[in-house]
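Biologist: Please take a close look at one part of this model, the sheet and the core around it. I should like a single connected account, with the criteria stated.

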Amino acid sequence: MVTRPIYLDYQSTTPCDPRVLEAMLPYFTIDFGNPHSRSHFYGWQAEEAVEQARAQVARILNADPKEVIFTSGATESNNLAIKGVAHFYKAHKDHIITCMTEHKCVLDSCRHLEQGGFKVTYLPVRPNGLIDLNKLREAITERTGLVSIMAVNNEIGIIQPLEEIGKICREKGVFFHTDAAQAVGKIPIDVEAMNIDLLSLSSHKIYGPKGVGALYVRRKPRVRLTALINGGGQERGMRSGTLSTPLCVGLGKACEIAGEEMLSEYKRLTALRNRFYSTLQAELEEIYLNGDLEKRIPGNLNISFSHVEGEGLIMGIKEIAVSSGSACTSASLEPSYVLRALGVEEEMAHTSLRIGFGRFTTEEDVDTAAQKIIKEVKRLREMSPLWEMARQGIDLKSIEWAEH
Amino acid sequence: MAYSQKVIDHYENPRNVGSLDPKEENVGTGLVGAPACGDVMKLQIKVNDKGVIEDAKFKTFGCGSAIASSSLVTEWIKGKTLEEAGAIKNTEIAQHLSLPPVKIHCSMLAEDAIRAAIRDYKEKNRAG
């Protein structure tokens with residue numbers, strides 16, 4: 001039998017909760033109707049299930065179900081929110097504000113709009129990963145139509161000050177979109193209290209199935225969008241195409257469970273995270289946490305293990321599934337742009353691991369993982385010329401490296 | 001990405017990890033790569049009076065392929081003359097370890113490390 005590695009990559013994706021899968025199953029086979037069929041029982045059954053799911057999604061955001069539209073995932077939701085608002089209001093508003101540490105799908109949507117003549121401001125972040133609210137306020141002009149700032153960062157887990165951002169946007173009359181793929185179900189989100197106008201979420205980050213997500217679009221005051229996908233006018237004309245009943249049901253159930261268990265999970269994961277991190281700190285010197293510790297979801301750590309290259313480290317801890325801040329796994333040699341935006345130096349960014357804890361992580365898992373990492377970091381440091389030089393008191397910055 | 005069996009073997013059981021005293025006359029040291037690029041190799045050779053490499057040691061900061069490339073070349077260069085060692089090509093290293101295209105730079109770095117160590121040895125011994 002193959003033993004599976006301990007899964008500590010919950011920011012990448014999560015397993016579908018068995019309770020979610022169970023709720024979905026009848027809609028593949030028995031209740032298979034097209035939720036948009038109005039003429040018969042099968043359609044009505046499916047529609048009822050989709051509407052119940054919509055209400056479940058709305059509840060975790062404190063929204064009205066009419067304000068929730070289903071999409072294929074957070075990437076589509078982000079594309080629709082950003083391009084949709086930009087195109088609808090382009091006659092008067094051609095400026096968008098976002099931030100340098102956003103997910104690629106937000107940044108790439110903005111780049112796409114720039115090519116079409118829009119102006120985009122990419123706000124820098126402070127060393128702890130949070131944006132500077134004064135810089136946001138200063139960046140807003142009469143031409144600004146949208147501010148898009150993520151709720152929780154996917155690499156470093158930090159929580160942006162949503163309520164304050166929402167307040168500024170409302171004062172200035174600018175729509176506020178947030179990519180909440182990593183936030184929903186982990187921290188309380190309230191679109192009313194936070195003055196959020198558009199919000200993207202993803203099912204597979206919250207123990208639901210892959211291939212479905214949602215976009216919250218405020219009705220009062222009304223936010224209008226130009227659709228990306230045209231067709232039969234489903235989802236209030238903002239996203240045509242037949243909905244997948246089982247996927248919508250899965251997302252709804254996932255939201256319901258996440259909402260019910262949020263508080264207890266928050267406490268449990270905080271304890272696990274602290275246990276894991278303090279074990280590492282006790283055994284390893286010169287390790288550094290990337291991103292704020294306090295304003296952070298409990299299920300994420302992003303740690304630089306100085307003088308040990310991240311990809312090499314991952315190879316040595318194959319019993320654990322984590323991801324690296326060093327992008328050497330991809331064709332590019334550039335380390336994470338998120339860590340670089342925090343001001344983490346390239347050599348340190350190459351030594352970082354993202355460790356994600358979630359619903360099915362146990363105390364035994366984190367203890368085992370911590371011991372494996374400690375052992376491997378020590379082994380690789382003994383093999384690292386940089387560690388040896390640092391021990392001898394050589395300033396690595398004084399050396400003229402041949403960058404390649 | 002799956003690593004080849006040979007890469008895994010060198011990564012898990014690296015040969016000749018360690019350091020030689022760089023101040024010794026018959027030791028040549030090569031330090032190549034850059035921390036900002038995610039890989040640094042230190043390769044050292046000890047050369048006897050017949051011009052043959054009698055010992056080699058390495059330390060590497062980098063991915064599994066970088067560690068394997070440097071471990072492999074320490075094995076290869078032991079017992080070789082400086083000329084023979086200097087003729088080792090990165091393509092031979094890459095082929096032996098079945099490195100994928102994105103990891104070819106690891107083998108190039110290992111080749112550079114050998115040359116740098118030989119150069120250092122020769123410079124030291126020219127003066128003396």
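**The core and its sheet**

Modeller: The largest nonpolar core, a set of buried Ala, Val, Leu, Ile, Met, Phe, Trp, Tyr and Cys residues joined through side-chain atoms within 4.5 Å, has 63 residues, and A:L61, A:V147 and A:L199 have the most contacts inside it. Here buried means under 20% relative accessible area, exposed over 50% and partly exposed in between, with a 1.4 Å probe and protein chains only. Helix 8 (residues 245-283) of chain A gives the most to this core, with 8 residues. Helices (H or I, at least four residues) and strands (E, at least two) are DSSP runs, numbered from the N terminus.

This is a predicted model, in which local features need pLDDT of at least 70 and side-chain atom pairs count only at pLDDT 80 or more, while totals for chains, interfaces and linings use all residues. Residues are numbered from 1 along each chain as its sequence is written, chains are lettered from A and ligands numbered from 1 in the order in which they are written, and side-chain values use heavy atoms, with hydrogens and water left out.

Leaving aside neighbours within four places in sequence, A:V147 is in contact (heavy atoms within 4.5 Å) with A:I97, A:L136, A:I140, A:I165, A:C169, A:V174, A:F175, A:F176 and A:H177. One of these, A:I97, has A:V147 as its bridge partner in strand 5 of chain A. Strand 5 is mostly covered, since 5 of its 5 residues are buried. Strand 3 (residues 95-99) of chain A pairs with strand 5 in the parallel sense over 3 bridges; two strands pair if DSSP finds at least two bridges between them. Another 3 bridges join strand 5 to strand 6 of chain A, also in parallel, and A:S148 stands opposite A:H177 in strand 6.

These strands belong to an open sheet of 7 strands in chain A, with the order 2-8-7-6-5-3-4 and mixed pairing. Strand 2 (68-71) and strand 4 (119-123) of chain A stand at the edges, each with a single partner strand, so one side of each is left without a neighbour in the sheet. The twist averages 20 degrees from one strand to the next. Helix 7 (residues 162-172) of chain A packs on the sheet, touching strand 5 (144-148) and strand 6 (175-179), and its direction makes about 155 degrees with that of strand 6. Axes are lines fitted to C-alpha atoms, for helices over the stretch in contact, and angles run from 0 to 180 degrees between N-to-C directions.
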